[in-house]
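Student: Before we talk about any labels, could you show me the chain itself, and then let me ask how each description is justified?

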Amino acid sequence: MSKKTIDETTEVEDVKKERKSKNKTMFSAMGYAINGIISAFKTERNLRIHYLTGICVFLFSLFFDFTKAEFACLCLTIGFVIFAEMMNTAVEAVVDLLTDVYNPHAKIAKDVAAGGVLISAGISVVVAYFLFIDKLTNATTVLLDSILGSPMHILVTILFIVVIAIIILKGIYTENNKRFAKSFPSFKVAISCAMAMYAWIISKSEIVGAISFILCFMIAQTKMQRKATTIIQIILSGLLGVLLVIIVFQLVELRPLIV
């Protein structure tokens, strides 16, 4: 048996042992789920397009006074399209694993999965039409001057953008055969710093900001104690979250300039 075959066998056994020992907790299961999300994003071009489209729609929605029900409908629609594309990717992977020759049943499985993506995309276009058409038709200076009546709208948009940015960077910087969940940047640090910056801006209180960033420091310290990432990576992860929050709020502040 060649050295390469032995190494591959050993790696598979290590993965099995790791899953058996660590998948007993909710956090370990979540880590594998995150790993699957990043892996699909890194390998599937269509999924990257869906994520990019979702970001654009979220940013565009900032300029409209959506009700809670309308915004919930928008979130569900975007999530539905991404979910359908990921299921399509999973079906294709399983089919390719089971057979490497033409099989009519395999073709049906792939075609049906792709059809599900097409249906979800069609539904998303219909939903977008009903959500945006009246608002676009009646767009006025007053409408453009009332971006985000609710801070929660900004918060959800910030979370979505931060998560997608982290997925993109993890896909870029993660080496092959490494777990995405443990790579740079850190989800915990970036999101906690983004939420701290958000709380500081919304509250306009130095005390709230200081307490929020102290909590971020405690989260970052746990990462350093476990030696999951380096200090530089932790700092860059935190700066990423802060910078994205500042960019979103700058977009909101610039809304009166849009005619």
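Tutor: Among the contacts between residues at least 6 apart in sequence, 74% join residues at least 24 apart. Please keep in mind throughout that this is a predicted model.

Student: What makes up the secondary structure of the chain, and how many strands are there?

Tutor: The chain comes to 10 helices and zero strands, and read along the sequence it follows the pattern α-α-α-α-α-α-α-α-α-α.

Student: Where in the chain is the confidence lowest, and where is it highest?

Tutor: The chain averages a pLDDT of 76, and 75% of the residues score at least 70. Confidence is lowest in helix H6 (residues 141-144), at a mean of 42, and highest in H4, at 89. Over residues 140-148 the pLDDT is below 50, and this stretch has 20 contacts in the model beyond near neighbours in sequence.

Student: Why is Ser 120 called buried?

Tutor: The relative accessible area of Ser 120 is 0%, and buried means under 20%, so Ser 120 is buried. Its place is in helix H5 (residues 104-137), and, leaving aside neighbours within four places in sequence, Ser 120 is in contact with Phe 80, Val 81 and Ala 84.

Student: Phe 80 is among those contacts, so why is Phe 80 called partly exposed?

Tutor: Phe 80, which is found in helix H4 (residues 68-98), has a relative accessible area of 37%. Buried requires a value under 20% and exposed a value over 50%, with partly exposed in between, so Phe 80 is partly exposed. Not counting residues up to four places away in sequence, Phe 80 touches Ser 120 and Ile 123. Although Phe 80 and Ser 120 are 40 residues apart along the chain, their C-alpha atoms are separated by 6.7 Å.

Student: What makes Trp 200 partly exposed?

Tutor: The reasoning rests on a relative accessible area of 35% for Trp 200; partly exposed lies in between the cut-offs of 20% and 50%, and Trp 200 is therefore partly exposed. Trp 200 is found in helix H8 and, leaving aside neighbours within four places in sequence, is in contact with Ser 205, Glu 206, Gly 209 and Phe 213. The C-alpha atoms of Trp 200 and Ser 212, which are 12 residues apart along the chain, are separated by 7.7 Å.

Student: How do you know whether H3 and H4 are roughly parallel or roughly antiparallel to each other?

Tutor: The axes of H3 and H4 come within 9 Å and cross at roughly 175 degrees. Angles over 145 degrees count as roughly antiparallel, and H3 and H4 are therefore roughly antiparallel to each other. Their contact is made by residues including His 50, Tyr 51 and Gly 54 of H3, and Leu 74, Cys 75 and Ile 78 of H4.

Student: Which residues have the most contacts inside the largest nonpolar core?

Tutor: That core has 45 residues, and those with the most contacts inside it are Tyr 51, Phe 66, Leu 74, Ile 158, Val 162 and Ile 167. The elements that give two or more residues to this core include helix H2 (26-43), helix H7 (151-173) and helix H10 (231-253), and the largest share, 10 residues, comes from H7. Leaving aside neighbours within four places in sequence, Ile 158 is in contact with Ala 194, Met 195, Tyr 198, Val 245, Val 248 and Phe 249.

Key
Residues numbered from 1 in each chain as written. Predicted model: local features only at pLDDT ≥ 70, side-chain atom pairs only at ≥ 80, totals over all residues. Heavy atoms only, no water. Helix = DSSP H or I, 4+ residues; strand = E, 2+ residues; numbered from the N terminus. Buried < 20%, exposed > 50% of the residue type's maximum accessible area, 1.4 Å probe, protein only. Contact = heavy atoms within 4.5 Å. pLDDT = per-residue confidence, 0-100. Core = buried A, V, L, I, M, F, W, Y, C linked by side-chain atoms within 4.5 Å. Axes fitted to C-alpha atoms, helices over the stretch in contact; angles between N-to-C directions. Parallel < 35°, antiparallel > 145°, perpendicular 65-115°, else oblique.
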